[in-house]
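User: Hello! Could you take a close look at a single part of this protein for me, one strand and its surroundings, and tell me how it is packed and paired?

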Amino acid sequence: MNLPDPRLYPRVNPQNPIIRQLMSLLTERDAAQVAQKRLGLQQLMAELLMAKDHYALNGALTQAPSQDAWMTLWHALRQEVESPSQHAQQSATLFAIPVILVAGCKGDTTLPSEIDGDAALAILREHGVIAADADAWLSGALLGPDILAAISPAQLAEWRATLSVARDFPIDSAGSAIKFKDEAVALRYLIGVAIERTGAPAAITLGGQVGSWGMPLANLIGETLKTDGVTLFPIPRTPLPWLSAQDVGRVTQLETRLQVMTSNALRSIRSKGRTPVVTVAAHENNEIRITFASKEDPERWEGYVWPLLPSDHVEQIAQYIQELMLECRMTDLVLIEAVQAVLDTDGLPLFITPHTKAPALQ
């Protein structure tokens with residue numbers, strides 16, 4: 001059983017030149033013409049970035065008539081922002097390291113939001129992620145997702161082309177405060193720059209799996225952010241280009257939050273000698289809602305919300321949920337086949353449980 005995709009997409013707008021070129025590409029079947037039209041789409045993207053036309057760029061992304069169309073535009077945008085020019089002697093690779101911070105305590109607390117950037121960079125050099133002789137810089141500020149999202153793709157493309165010394169990177173932001181009560185799964189980023197030079201070995205390795213450097217970096221973060229009365233588990237991910245890192249960081253945070261909630265909710269239900277049931281449903285406001293309840297108690301349940309962005313694949317989320325529940329020895333998992341309403345009959349957010357009466361279901 002699969003979850004339905006609740007997202008609705010706009011009709012094709014032939015007046016938008018980006019959408020017009022996009023649909024011409026997606027409907028083309030001749031291989032040579034596909035390559036030519038893909039190049040045309042890249043050129044239009046490059047022109048928007050050069051002109052810093054944020055309105056037109058955002059307009060094209062919001063008018064994508066399907067997820068495949070959106071992903072094609074997003075790939076074209078990433079190509080222009082993250083790929084160095086073939087004719088440049090050097091270019092700057094702007095990267096970010098997503099860091100998930102799983103923390104718990106009793107009451108309210110605030111964690112430090114800075115680490116030693118030079119020490120973190122030394123770890124990456126020691127383990128070969130960044131070349132020993134590369135011109136590279138890594139900030140020690142743990143930045144919130146909003147700070148990265150505020151930098152436009154056009155600005156990233158300009159920095160990639162014009163930045164010649166890594167430490168001249170113009171962002172000098174303080175770390176984002178990590179305030180929470182009882183427990184948190186926070187997302188922060190370490191940002192950096194590596195200068196790539198034509199003909200030289202790669203200055204940085206992006207993507208792939210977290211290697212031997214992961215534990216030393218996690219230990220550095222954990223020791224720096226150590227706070228009395230707080231249990232902290234830092235989870236650094238692999239360095240990625242700026243735009244890609246935002247996607248990966250967000251999904252990793254949502255997955256980790258779901259892991260923590262699943263563990264807590266199932267433990268609570270089972271400790272009372274009851275039988276847990278997990279229900280998963282897609283809702284009209286582009287959310288996946290997961291409910292933890294018991295067969296024996298219709299009054300108590302806990303809910304989790306996964307807001308869907310265009311980059312999310314519903315089938316992958318459903319598969320992740322099913323695999324997670326199997327790991328937790330959960331056999332009673334219900335996936336609702338139809339898209340559900342946002343609110344129940346009382347005007348409250350609708351979460352489906354084993355005890356939800358049929359009229360409330362769509």
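The part I would like to hear about is strand β6, residues 276–283.

Analyst: Happy to walk you through it, beginning with how the values were made. This is a predicted model, in which local features need pLDDT of at least 70, side-chain atom pairs count only at pLDDT 80 or more, and totals for chains, interfaces and linings use all residues. Residues are numbered from 1 along each chain as its sequence is written, and side-chain values use heavy atoms, with hydrogens and water left out.

Let us take the strand itself. Helices (H or I, at least four residues) and strands (E, at least two) are DSSP runs, numbered from the N terminus. Strand β6 is mostly covered, with eight of its eight residues buried; buried means under 20% relative accessible area, exposed over 50%, and partly exposed in between, using a 1.4 Å probe and protein chains only. The cover extends to both faces of β6. One side carries Pro-276, Val-278, Val-280 and Ala-282, and the other carries Val-277, Thr-279, Ala-281 and His-283, all of them buried.

Now for the pairing, where two strands pair if DSSP finds at least two bridges between them. β6 and strand β7 (residues 287–294) are antiparallel and share eight bridges. One bridge partner is easy to find: His-283 is matched with Glu-287 in β7. The two strands form a hairpin with three residues between them, and Asn-286 in the turn has a positive phi of about 65°. β6 also pairs with strand β9 (residues 333–335), this time in the parallel sense and over three bridges. Here Val-278 has Leu-333 of β9 as its bridge partner.

Thr-279 is a good residue to zoom in on. Thr-279 lies in β6 and counts as buried because its relative accessibility is 4%. With contact meaning heavy atoms within 4.5 Å, and not counting residues up to four places away in sequence, Thr-279 touches Arg-289, Ile-290, Thr-291, Val-334, Ile-336, Ile-352, Thr-353 and Pro-354.

Two of those contacts, Ile-352 and Thr-353, deserve a word of their own. Ile-352 is in the segment after β9, and it counts as buried because its relative accessibility is 4%. To place Ile-352 against a remote point of the chain, its C-alpha atom is separated by 42 Å from that of Gln-21, 331 residues apart along the chain. Thr-353 is also found in the segment after β9, and it counts as buried because its relative accessibility is 11%. Leaving aside neighbours within four places in sequence, Thr-353 is in contact with Thr-279, Thr-291, Ala-293 and Trp-301.

Arg-289, another contact of Thr-279, has a ring to sit over. Arg-289 lies over the face of Phe-351, at 5.3 Å from the ring centre; a charge sits over a ring if NZ of Lys or CZ of Arg is within 6 Å of the ring centre and within 35 degrees of the ring normal.

To put the pieces together, β6 is bridged to β7 in the antiparallel sense and to β9 in the parallel sense, while both of its faces are covered. Thr-279 adds contacts with Ile-352, Thr-353 and Pro-354, among others.
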